[in-house]
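Let's take a walk through this fold together, one neighbourhood at a time. Keep the viewer open and turn the structure as you read.

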Amino acid sequence: MKYTTLISLSGHLFDRFLINEALDIIEAAGGSFHLVKCQVGQRTDAMSYSELEIGADDKSILDKIIDSLTSLANPSEDQVNSKDNTISLKVGKFEETDMENDNESKREASVLILGAGRVCRPAVEFLTSKRCLNSYVTNDSNEKTCVRVIVASLFLKDAEEIVEGIPYATAVQLDITNKEHLCNYISQVDVVISLLPPSCHSIIASACIQFKKHLVTASYVDDFMSKLDESAKSSGITILCEMGLDPGIDHMMAMKMIDEAHKRGGVIKSFTSYCGGLPSPDAANNTLAYKFSWSPAGAIRAGRNPAVYKYNGEIVHVDGDKLYDSASKLRIPYFPAFALECLPNRDSLIYGDLYGIKSEASTIFRGTLRYEGFGEIMGTLARIGFFNTEEIPILKNEARTTYRTFLLSLLDCNSTKGIEEQIINQKWIADRVLDLGLCKDRETSLKTAKTILFLGFEEKAEIPKSCKSAFDATCIRMEERLAYSGTEKDMVLLHHEVEVEFPNGQPNENHRATLLEFGRIDGERQYTAMALTVGIPAAIGALLLIGENIKTKGVLRPIHPEFYEPALDILEAYGFKMLEKID
């Protein structure tokens, strides 16, 4: 809009629908509005306050809108039934709100969230929920009546989409490499949540230490973050890392089981943990029974990482190239209908030290969950060459290569006209895979061929110029063909099993804990289970720091009762389904 101005409205805006009247006036005149700030009165006798930027393409229209809003704010005596039906209007720049004195004096906490991806919205909604604040901030001497959240993103539009319709939430544009701007926002808040990649955390953590502001992340503690421990302690702040799902909820559920067993004199003989983000059963409708809610590149790379774990006292190493082939079938007692398999997840041995069970547990294993059959298909695709990251000549040509030509090159076929025109079907691909010795099992070769066709590699569409390797082309196809559609939901499944040995002839026990969470739909908005189980724990971490429930300073993980006891209680109150059983 060419002409804009800022206005403030205060009064019983929502319970008397006065805000609706004001917005109707703006729209009816052909103007537009943008909500800058909104404070909703929390009692029937408390007023609400809103700041709006209104605009119009013609100055006369803008003037007409202001006149109409002024009339709404100053009705004639015969139009006023009570003082509750009036509003106060202020036009132009202003420094202070027109709210009641008790609203002006309310004590607010503030949180800066860096990053506006899928995980962000659940965290913002949780933090700005009045119910959550009243229920979980327990320090009466420092009572807060609301949490104000600033969502910062490199792209303002992304942040605005996150905060849309959420009271007490504001969107700002921020480039974290601009240290001055970053420090300006960090200095204004109580707690910072970083949902950005781990590579961004060094500059953020350093600024938090400088301005003595707590920091929460869902990322692993790396070497750089570990070295900040003493600085964080000296600054009197908590840097709470690994506060998501995995890592995060997995730590808290595990340590609750382990600590309770130790308190009873038990010795941990075996610790196994499985976690996976999967399509809900009705959405697992492709040969891989898997889908991506964001770029598949990270997930594919993770499936190529080497792994190490301890099993019955023996250290087992799994080479990255053989990880998919090491998948083993798994059934979870609570959910026997789920046909699952697990893949070893990187270095399980470090959890012996982290959880204090290194000297007592003969088995320490952490695995990634997938539906049964995933590993054998992905392993075959890997041997064919779909995940190779080296640049290949046919993708360097000025004349763009088709997916069909790319597939034929992987299957070691001459790209002559005859072979280009031949029918490429499931049987032909399966036979070719077997002939090349890339798969020994006929059934697996057929499943793999079906997956290749599902991904569209037999098509004559051109591969985008951005693709330089087989990995690039595969990621593009998987992102297109293995995406969630419509109202399909994802699922998060986390399962721990702990075998406990007790002294003096007491019977051994098998402790189990399971979290099952599905994506949710709220009106027109859809929330993935992964976003909920990462965003909510991070928000809980910030909430506990706001309420000063956490006293320990330094770089920490949520592996102590100070963290996991209140956090697990809040997660259950929020509605996460966590099952525990001892056999």
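What follows is a tour that starts with a sheet, moves on to a strand and some aromatic rings, and ends with two single residues.

Before we set off, please keep in mind that this is a predicted model.

A good place to begin is an open sheet of 7 strands, whose order is E7-E6-E5-E8-E9-E10-E21 and whose pairing is parallel. Strand E7 (169–173) and strand E21 (554–556) are found at its edges; each has a single partner strand, so one side of each has no neighbour in the sheet. Going from one strand to the next, the twist averages 20°. If you zoom in on the E7 edge, you will see strand E6 (residues 146–153) running parallel to E7, with 5 bridges joining them. Ala152 makes a handy landmark here, as its bridge partner in E7 is Val172. Helix H8 (residues 201–211) packs on this sheet, where it touches strand E5 (108–114), strand E8 (191–194), strand E9 (214–217) and strand E10 (238–240). The direction of H8 makes about 155° with that of E9.

Now turn to strand E16 (residues 363–371). How many of its residues are buried? The count is 9 of the 9 residues, so E16 is largely enclosed by the rest of the structure. Thr363, Phe365, Gly367, Leu369 and Tyr371 point one way from the strand, while Ile364, Arg366, Thr368 and Arg370 point the other way, and all are buried. E16 pairs with strand E11 (residues 267–279) in the parallel sense over 6 bridges, and here Phe271 has Ile364 as its bridge partner in E16. Strand E15 (residues 335–344) runs antiparallel to E16 and is joined to it by 5 bridges; in this pairing, Cys342 has Leu369 as its bridge partner.

Arg370 of E16 also leads us to the aromatic rings, because its inward or outward direction is not the whole story: 

Arg370 lies over the face of Phe374, at 5.4 Å from the ring centre. The structure holds 16 aromatic pairs. In one of them, the ring centres of Tyr324 and Phe374 are 6.1 Å apart and the planes stand at 70°, so the pair is edge-to-face. Tyr324 belongs to the loop between strand E13 (314–318) and strand E14 (328–332), and Phe374 to helix H14 (residues 374–384), so that the pair links distant parts of the chain, 50 residues apart. Both Tyr324 and Phe374 are buried. Together with Tyr290, Phe292 and Phe387, these two form one aromatic cluster. Elsewhere, the charged end of Arg477 sits over the ring of Tyr403, 3.8 Å from its centre.

Let's finish with two single residues. Thr451 is found in helix H18 (residues 442–454) and is buried, with a relative accessible area of 1%. A polar atom of its side chain lies 3.0 Å from the backbone oxygen of Lys447. Leaving aside neighbours within four places in sequence, Thr451 is in contact with Thr287, Leu288, Ile377 and Leu381.

Ala539 is found in helix H20 (residues 529–546). Is Ala539 buried or exposed? Its relative accessibility is 0%, so Ala539 counts as buried. Not counting residues up to four places away in sequence, Ala539 touches Ala123, Phe126, Leu127 and Ile193. Ala539 and Val216 are 323 residues apart in sequence, yet their C-alpha atoms are 8.3 Å apart in space.

Methods: Residues are numbered from 1 along each chain as its sequence is written. This is a predicted model: local features need pLDDT of at least 70, side-chain atom pairs count only at pLDDT 80 or more; totals for chains, interfaces and linings use all residues. Side-chain values use heavy atoms; hydrogens and water are left out. Rings of Phe, Tyr and Trp (its six-membered ring) pair if their centres lie within 6.5 Å; planes under 30 degrees apart count as stacked, over 60 as edge-to-face and the rest as tilted. Helices (H or I, at least four residues) and strands (E, at least two) are DSSP runs, numbered from the N terminus. Buried means under 20% relative accessible area, exposed over 50%, partly exposed in between (1.4 Å probe, protein chains only). A charge sits over a ring if NZ of Lys or CZ of Arg is within 6 Å of the ring centre and within 35 degrees of the ring normal. Contact means heavy atoms within 4.5 Å. A polar contact is a pair of N or O atoms within 3.5 Å; within protein, one must be able to donate a hydrogen and the other to accept it, and residues adjacent in sequence count only if both atoms are side-chain atoms. Two strands pair if DSSP finds at least two bridges between them. Axes are lines fitted to C-alpha atoms, for helices over the stretch in contact, and angles run from 0 to 180 degrees between N-to-C directions.
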